[in-house]
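Visitor: Please choose a single part of this model and describe it closely, from one end to the other and just beyond.

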Amino acid sequence: MTVDAVLDTVAGVCLVAGALLSLAAGIALVRFPDVLSRMHAAAKPQVLGLLLVLLGCALRLRSGVDVTTLVLVGMFQLATAPVAAHMVGRAAYPHHDIRRDLLVTDELAGDLDRLRARRTGGPEGAASRTAVGTPGPASGR
């Protein structure tokens with residue numbers, strides 16, 4: 001067996017594994033119950049799947065320009081996916097698009113209470129006692 005045949009076989013395995021991970025991420029986006037779970041599915045398995053596909057393409061193409069381009073695509077994906085997921089989560093939180101009953105720790109409750117108190121002029125902390133553990137309107141999905 002030649003080196004080219006081994007590299008082509010490894011590239012094929014990487015392409016199939018990456019495609020399956022991306023498929024799993026797509027299914028999870030449809031099936032998961034709230035924004036935070038969907039955000040997890042959109043960030044982690046999708047990025048790993050894309051990196052495996054890029055690795056498979058790099059092993060198959062094996063030219064300097066192609067590999068450099070694929071490395072840049074992978075680096076931009078690694079830099080942007082966590083930031084985008086974080087921003088989606090921060091945007092969904094105050095609109096009750098998350099299931100608070102699934103949260104282990106609600107680190108944003110205090111910040112949201114301060115913002116609500118500032119807007120209404122009421123005491124800080126009163127909203128967190130009622131908001132934490134109270135499912136939002138999207139929790140029934």
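Guide: A residue is called buried under 20% relative accessible area, exposed over 50%, and partly exposed in between, with a 1.4 Å probe and protein chains only. This is a predicted model, in which local features need pLDDT of at least 70, side-chain atom pairs count only at pLDDT 80 or more, and totals for chains, interfaces and linings use all residues. Residues are numbered from 1 along each chain as its sequence is written, and side-chain values use heavy atoms, with hydrogens and water left out.

The part chosen is helix 2, which covers residues 35–61; a helix here is a DSSP run of H or I with at least four residues, numbered from the N terminus. Helix 2 has 27 residues and spans 37 Å from its first C-alpha to its last, close to the expected 39 Å. The expected span is 1.5 Å times one less than the number of residues. A kink of about 25° is centred on Gln46, where the bend is the angle between axes fitted to the seven residues ending there and the seven starting there.

The buried residues of helix 2 include Val35, Ala41, Val47, Leu54 and Leu59. The buried residues of this helix pack against helix 1 (3–31) and helix 3 (64–92), contact meaning heavy atoms within 4.5 Å.

Helix 2 is followed by Arg62, in the loop between helix 2 and helix 3. Arg62 is partly exposed, with a relative accessible area of 35%. The phi of Arg62 is near 60°, a positive value in a residue other than glycine. Most residues other than glycine have a negative phi.

Terms used:
Helices (H or I, at least four residues) and strands (E, at least two) are DSSP runs, numbered from the N terminus.
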